[in-house]
Amino acid sequence: MSYYKRHLFICTNTREDGVCCQQHDAREKRDAVKKYAKHAGLTGQGKIRVNIAGCLDRCDEGPIAVVYPDAVWYRYQSVEDLQEIVDNHLVGGEIVKRLQI
Ligand code: FES
């Protein structure tokens, strides 16, 4: 069994020369959803983890997040979108189709 059930990687990269996820306040949104998951008791061994990621090379489609081990990619807009991904996909195993790319 893997240490974590699922990981959510959220790109928080800044690029001076073009479009990037941090233009959408990705870092602040990642911090908020990480707090949400922790306070809800969803994180830790055998559960889930929310991580920062560097550039995932899909900058034009951002802001970007990806769930592993499922390799499902998302474009989100809000902290609420990320919370929905955590609740429905990371915990519940259901892909959030409306945000999937
Ligand atoms: S800056 Fe986020 S995918 Fe490149």
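Which residues does I10 touch, not counting residues up to four places away in sequence? Hi everyone, let's start right there. I10 touches A26, R30, V50, I52, A53 and A65. Before going further, please keep in mind that this is a predicted model.

Now the overall picture. The protein chain has two helices and four strands, and along the sequence they follow the pattern β-α-β-β-β-α. The radius of gyration is 13 Å, close to the 13 Å that the globule rule gives for 101 residues, so the chain is as compact as a globular protein of that length. If you like box dimensions, the C-alpha trace spans about 40 × 25 × 25 Å along its principal axes. Of the 101 residues, 25% count as buried. And for the contact-map fans: among contacts with a separation of 6 or more, 59% are between residues 24 or more positions apart.

On to the sheet. The four strands form an open sheet in the order β2-β1-β3-β4, with mixed pairing. At the edges sit β2, residues 48–53, and β4, residues 72–75, each pairing on one side only. On average, neighbouring strands are turned by 20° against each other, direction ignored. As for β1 and β3, they run antiparallel and are joined by four bridges. In that pairing, L8 stands opposite V67 in β3. Helix α1 packs on the sheet, where it touches β1 and β2, and its direction makes about 165° with that of β2.

What about the inside? As a reminder, nonpolar side chains in soluble globular proteins tend to be buried together. Here, the largest nonpolar core has 18 residues, and those with the most contacts inside it are L8, I10, A65, L82, I85 and V86. So our opening residue, I10, is back on the list. The elements giving two or more residues to this core are β1, α1, β3 and α2. The largest share, four residues, comes from α2.

One last residue, for anyone with the viewer open: Y36, which is found in helix α1, residues 26–39. Is Y36 buried, exposed or partly exposed? Y36 has 18 other C-beta atoms within 10 Å, so it counts as partly exposed. Leaving aside its neighbours within four places in sequence, Y36 is in contact with Q83 and V86. V86 is one of the core residues I listed a moment ago. Y36 and V79 make another pair to look at: they are 43 residues apart in sequence, and their C-alpha atoms are 9.5 Å apart in space.

That's my tour. Thanks for listening!

How values were computed
Residues numbered from 1 in each chain as written. Predicted model: local features only at pLDDT ≥ 70, side-chain atom pairs only at ≥ 80, totals over all residues. Buried ≥ 20, exposed ≤ 12 C-beta atoms within 10 Å, placed from the backbone. Contact = placed C-beta atoms within 7 Å. Core = buried A, V, L, I, M, F, W, Y, C linked by C-beta atoms within 7 Å. Rg over C-alpha atoms; globule rule 2.2 N^0.38 Å. Pairing = 2+ DSSP bridges. Axes fitted to C-alpha atoms, helices over the stretch in contact; angles between N-to-C directions.
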